Amino acid sequence: MQKPIKLHPLDNVLILTDEQLGGLAGIGHKIADCLIREGEKIIKYGVPIGSATTTIEIGEHVHLHNMKSDYIPTYTIETPDKENNN
Amino acid sequence: MQWQGYLRKDGRKGIRNYLLVVYLVECAHHVAREISRHFSGEPVQLIGFAGCYPNAYADRIMNALCTHPNAGAVLLVSLGCESFNRKQLEENIRASGRPADTIVIQEAGGTRTAIDQGVKWVKQAVNIIKLVPTAPMSIEELIVGTVCGGSDGTSGITANPAVGRAFNRLVAANGTAIFEETGEMIGLEDIMSRRAITPELAIELKKSVEKAARYYTLMGHGSFAPGNADGGLTTIEEKSMGAYCKSGDSAISGLIKPGDRPTKPGLYLMDVVPDGDPKFGFPNINDSVEIVEMIASGCHMILFTTGRGSVVGSAISPVIKICANPATYRKMQEDMDINAGAILSGTATIDSVGDEIFTRILEVAGGNVTCSEQLGHQEFILTYKTFTPLGPACLPA
């Protein structure tokens with residue numbers, strides 16, 4: 001198993017480089033590199049890509065269930081209209 | 001680090017020395033292709049504009065390409081009744097010190113005689129351009145563009161940030177770097193505009209992204225597909241960053257439009273989204289449109305990142321392909337110059353691949369052939385567009 005990579009020194013998330021977290025998340029997904037509190041920015045590429053909607057433990061998968069865009073709500077097939085994560 | 005470049009009359013230097021055979025309307029395409037086919041294996045390339053109706057953008061781009069530092073001579077092939085201003089184009093090419101001629105098919109007497117005349121001219125011109133003087137060329141004179149195509153979930157975490165590191169080195173060494181795709185910077189306009197060297201330029205950068213957002217909304221483009229989330233992307237800012245990180249971390253020295261040339265070394269954003277109401281359809285119908293526009297702005301070579309595995313190269317300027325995905329690299333090695341997927345396999349880092357790209361830039365500038373050149377790729381396309389001139393704040397002194 002390859003180690004997750006950090007894209008930028010300021011980042012608080014790491015990027016998975018193969019199937020990890022028991023197959024829950026694959027290449028390209030994010031995990032927390034430190035404890036991230038609700039409302040804190042998620043930093044990837046050294047810039048904010050959204051904020052935490054709940055407290056995220058170190059090593060936890062970071063995705064639609066615990067973070068949101070600060071810009072436009074993310075459209076997914078499961079949350080077409082009202083239930084988006086904003 | 002220096003290498004020998006081809007010295008042109010305007011003082012610019014090329015890293016290649018091609019003779020271009022140029023059709024000025026689709027009706028002249030066959031004749032132009034038959035002329036260029038006669039010289040397979042020699043530095044003769046085919047480009048052209050398919051449209052019969054005039055377009056100021058296409059005219060400007062074609063003039064820029066025919067006087068590009070990588071071009072040594074140009075043969076224009078006209079049907080005779082199309083609207084392209086061939087006389088002015090030929091005059092401009094001659095004024096730039098390059099051998100130029102025009103074959104008008106209707107005047108030559110048809111297909112066969114036009115091909116014969118063209119072949120005859122190219123035969124002697126190919127020998128003339130072998131005598132173009134060379135001169136030492138260095139990184140301060142080099143312009144490099146970057147484009148991504150056939151992206152997947154790996155593009156934004158391997159190849160694109162690695163190109164960003166290579167761009168950091170290029171700009172630090174006083175070279176010139178150009179990035180584009182304002183449509184994929186939606187959500188990042190504040191982050192990007194902070195990098196502008198003047199507050200006025202910052203406003204222009206922001207405006208260019210807002211224009212892209214308006215244009216894409218009218219075209220009905222979705223900016224975030226559910227498949228992106230399956231690939232691990234959570235927000236539009238994150239997706240945009242994956243493309244934007246090709247630009248690296250340097251300050252942004254200016255905003256240009258296709259055909260505008262950077263005025264001094266540094267990092268530039270190219271705004272490829274047409275001005276005014278959408279008129280001719282999608283801003284860029286494929287990756288080659290962007291490659292051609294970057295070359296028209298003076299790019300000597302293009303860094304092209306791909307995850308799914310694009311095979312494109314280009315006429316006029318070499319394309320270095322950087323493969324983001326290790327599985328794609330294994331399958332399509334012959335087409336890929338750099339394996340950025342090694343970052344995921346744990347045998348390389350973003351920095352080490354950035355260094356590898358930087359080294360490759362210098363090798364290719366020195367004459368080393370890229371994979372797409374080796375395979376004979378010469379993709380080319382020029383379409384219809386409308387642009388208004390740059391505002392004064394776009395290129396700060």
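Where along chain B does B:Ile316 lie, and between which two strands? Keep that question in mind while you walk through this predicted model, because the answer comes near the end of the tour, once the surroundings have been visited.**The whole of chain B**

Start by selecting chain B and colouring it by secondary structure, which comes to 15 helices and 14 strands. Along the principal axes, its C-alpha atoms fill a box of roughly 60 × 45 × 40 Å. A compact globule of 397 residues would have a radius of gyration near 21 Å, and the value for chain B, 21 Å, agrees with this. Buried residues make up 56% of the 397 residues in the chain. Among the contacts in chain B with a separation of 6 or more, 74% are between residues 24 or more positions apart.

**Two domains**

Next, colour residues 18-131 of chain B as domain 1 and residues 138-374 as domain 2, following the domain assignment. The centres of these two domains, taken over C-alpha atoms, are separated by 30 Å. Where they touch, domain 1 of chain B contributes 11 residues to the contact and domain 2 of chain B contributes 9 residues. On the side of domain 1 that touches domain 2, the elements giving two or more residues are strand E4 (44-48) and helix H2 (56-66) of chain B. Of these, select H2(B), which supplies the largest share of that side with 4 residues. Sorted by class, the same side of domain 1 of chain B has 7 nonpolar, 3 polar and 1 charged residues.

**The start of chain B**

Now select strand E1 (residues 2-7) of chain B together with strand E7 (residues 134-138), and you will see the two pair in the antiparallel sense over 5 bridges. One place to look is B:Gly5, whose bridge partner in E7(B) is B:Ala135. E1(B) is also joined by 2 bridges to strand E2 (residues 13-14) of chain B, again running antiparallel, and here B:Leu7 has B:Lys13 as its bridge partner in E2(B). The hairpin of E1(B) and E2(B) has 5 residues between the strands, and within this hairpin B:Gly11 takes a positive phi near 95 degrees.

**Where chain B meets chain A**

Bring chain A into view, and select the contact between the chains, which takes 23 residues from chain B and 27 residues from chain A. On the side of chain B, the elements that give two or more residues are helix H9 (226-230), helix H10 (236-244) and helix H13 (342-345). H10(B) gives the most to this side, with 4 residues. By class, the side of chain B that touches chain A has 12 nonpolar, 9 polar and 2 charged residues.

What does H10(B) lie across in chain A? The helix lies across E3 and E4 of chain A, and runs at about 160 degrees to E4(A). Select these strands of chain A along with E6(A), and you have an open sheet of 3 strands in the order E3-E4-E6, with antiparallel pairing. Strand E3 (41-44) and strand E6 (67-68) of chain A stand at the edges with a single partner strand each, so one side of each is left without a neighbour in the sheet. Between E3(A) and strand E4 (residues 47-52) of chain A there are 3 bridges, and A:Ile43 has A:Pro48 as its bridge partner in E4(A).

**Helix H6 and the loop after it**

Return to chain B and select B:Val171, which is found in helix H6 (residues 159-172). B:Val171 counts as buried because it has 23 C-beta neighbours inside 10 Å. Leaving aside residues up to four places away in sequence, B:Val171 touches B:Ala177, B:Ser250, B:Gly266 and B:Leu267. If you also select B:Lys321, you will find it 150 residues from B:Val171 in sequence and 20 Å from it in space, C-alpha to C-alpha.

Then move to B:Asn174, in the loop between H6 and strand E9 (176-179) of chain B. Most residues other than glycine have a negative phi. B:Asn174, however, has a positive phi of about 75 degrees although it is not a glycine. Is B:Asn174 buried or partly exposed? With 14 C-beta neighbours inside 10 Å, B:Asn174 counts as partly exposed.

**Back to B:Ile316**

The last selection answers the opening question: B:Ile316 lies in the loop between strand E12 (301-306) and strand E13 (319-323) of chain B. B:Ile316 has a positive phi of about 75 degrees, and it is not a glycine. With 26 other C-beta atoms within 10 Å, B:Ile316 is buried, whereas B:Asn174 counts as partly exposed.

Terms used:
Residues numbered from 1 in each chain as written. Chains lettered and ligands numbered in written order. Predicted model: local features only at pLDDT ≥ 70, side-chain atom pairs only at ≥ 80, totals over all residues. Domains from an automatic or database assignment. Contact = placed C-beta atoms within 7 Å. Nonpolar A, V, L, I, M, F, W, Y, C, P; charged D, E, K, R; others polar. Buried ≥ 20, exposed ≤ 12 C-beta atoms within 10 Å, placed from the backbone. Pairing = 2+ DSSP bridges. Rg over C-alpha atoms; globule rule 2.2 N^0.38 Å. Axes fitted to C-alpha atoms, helices over the stretch in contact; angles between N-to-C directions.
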